[in-house]
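Student: Take me through the aromatic rings of this one in some detail, please. After that, carry on to the surroundings and whatever else is worth a look.

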Amino acid sequence: MSKQPKYRQVADALRREIDNGTYPPGSRLPSESELSARFDASRNTVRSGLGLLVTQGLVTSSQGLGYEVAKHEVFELNASRFENLSFPQNGDAYSTDVTAAGRRPHQTFRVEVLPAPANVAERLKVDLESRVVLRFCHRYVDDVPWSTQATYYPAWLVDEAPRLAEPGDIEEGTTRYLAAHGTEQIGYFDEISTRMPTPEEARLLEIGAGVPVLLWMRTGYSAERPIRCTITTFRGDLNRMNYEIGDQSARSEIEPQ
């Protein structure tokens with residue numbers, strides 16, 4: 001007999017059935033009364049088990065509509081090809097990757113000039129609170145919130161590339177735009193971390209309880225100095241990143257045994 005609390009036994013059993021496809025993404029779980037009879041448990045116990053699945057991001061709940069298995073249409077981003085100027089593009093890197101995956105991109109923009117936050121100033125090698133241009137994108141895949149992206153550019157760069165401070169999209173992408181104006185990004189440094197979302201992030205990305213965000217901070221460099229710092233915040237349940245490093249010809253040449 002399991003020593004786990006009854007509500008955890010309920011949650012574990014339902015989790016196994018979600019994992020094995022008994023309840024696929026988008027399907028509704030049995031009602032609380034049905035589960036209460038099945039597990040010989042009180043409705044409060046069943047409700048606690050379902051609540052645990054909600055906090056883990058596996059199930060969503062709506063008043064009057066019961067519990068539904070969360071949909072997880074994961075988007076895979078190749079972070080090593082992202083912004084590669086030699087890679088064929090259809091618009092910016094985001095639009096290219098989403099379109100290539102057979103899905104639909106959509107994004108909104110905000111541009112403002114503000115004092116550099118401490119973590120950004122450190123990476124851009126500028127004085128704390130010196131002026132930077134923020135280009136903020138709210139991005140969607142198939143009308144589902146996918147990420148927010150905040151890119152900070154030092155004020156000196158705007159003199160060379162004035163469109164950075166103009167509202168709206170730069171269709172070819174800022175990396176290509178800067179290269180065309182004499183500032184080529186020749187390298188970048190990535191930092192990746194996870195945490196729970198802030199209330200504002202949860203609102204913008206429509207994140208349910210218990211779902212973390214994936215933070216991707218990329219600092220780009222020209223031959224002389226840093227030229228931008230980009231902080232992308234992804235929904236942790238809908239995204240996966242990969243990198244390609246070195247010769248990987250063996251991936252396609254070796255047949256399964």
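Tutor: I'll start with the rings, then move on to some arginines, two helices and a hairpin.

A bit of housekeeping comes before that. This is a predicted model, in which local features need pLDDT of at least 70 and side-chain atom pairs count only at pLDDT 80 or more, while totals for chains, interfaces and linings use all residues. Residues are numbered from 1 along each chain as its sequence is written, and side-chain values use heavy atoms, with hydrogens and water left out.

Now the rings. Rings of Phe, Tyr and Trp (its six-membered ring) are a pair if their centres lie within 6.5 Å; planes under 30 degrees apart make them stacked, over 60 edge-to-face, and the rest tilted. That rule gives 2 aromatic pairs. In one of them, the planes of Trp146 and Phe234 stand at 65° with the ring centres 5.3 Å apart, so this pair is edge-to-face. Trp146 belongs to strand β6 (residues 144–154) and Phe234 to strand β9 (residues 226–235), so the pair ties together parts that are 88 residues apart in sequence. The strands and helices I mention are DSSP runs numbered from the N terminus: E, at least two residues, for strands, and H or I, at least four, for helices.

Trp146 and Phe234 are both buried, meaning under 20% relative accessible area; exposed is over 50% and partly exposed is in between, with a 1.4 Å probe and protein chains only. Phe234 also pairs with Trp216: the centres are 6.1 Å apart and the planes at 20°, so this pair is stacked. Here too, distant parts of the chain are linked, with Trp216 in strand β8 (residues 213–221) 18 residues from Phe234. Trp216 is buried, just as Phe234 is. Put the pairs together and Trp146, Trp216 and Phe234 form a cluster.

Stay in β9 for a moment, since Arg235 sits there too. Its relative accessibility is 10%, so Arg235 counts as buried. Setting aside neighbours within four places in sequence, Arg235 contacts Trp146, Val144, Pro145, Leu205, Glu206, Ile207 and Pro212. Contact here means heavy atoms within 4.5 Å.

Two other arginines sit over rings, which requires CZ of Arg (or NZ of Lys) within 6 Å of the ring centre and within 35 degrees of the ring normal. Arg225 has its charged end over Trp156, 3.6 Å from the ring centre. Arg163 lies over the face of Tyr177 at 4.8 Å from the centre.

Arg123 is another one to look up, in helix α5 (residues 118–124). Its side chain makes a polar contact of 2.9 Å with the side chain of Glu191. A polar contact is a pair of N or O atoms within 3.5 Å; within protein, one must be able to donate a hydrogen and the other to accept it, and residues adjacent in sequence count only if both atoms are side-chain atoms. A polar atom of the Arg123 side chain also lies 2.8 Å from the backbone oxygen of Asn119. Not counting residues up to four places away in sequence, Arg123 touches Met217, Thr219, Pro226 and Cys229 as well as Glu191.

Next, β6 turns up again around helix α4. Of the 8 residues of α4 (residues 93–100), 6 are buried, so the helix is largely enclosed by the rest of the structure. Those buried residues pack against β3 (75–78), β4 (105–115), β5 (131–141) and β6. After α4 comes Gly102, with a positive phi near 75°.

Finally, helix α1. Its buried residues include Val10, Leu14 and Ile18, and among the elements covering the buried residues are β1 (59–62) and β2 (66–69). Strands pair if DSSP finds at least two bridges between them; β1 and β2 are antiparallel with 4 bridges. Val59 has Val69 in β2 as its bridge partner. Their hairpin has 3 residues between the strands, and Gly64 there takes a positive phi near 85°.

Just after α1, Gly21 has a positive phi of about 90°. Thr22 is in the loop between α1 and α2, and its side chain makes a 2.6 Å polar contact with that of Asn20.
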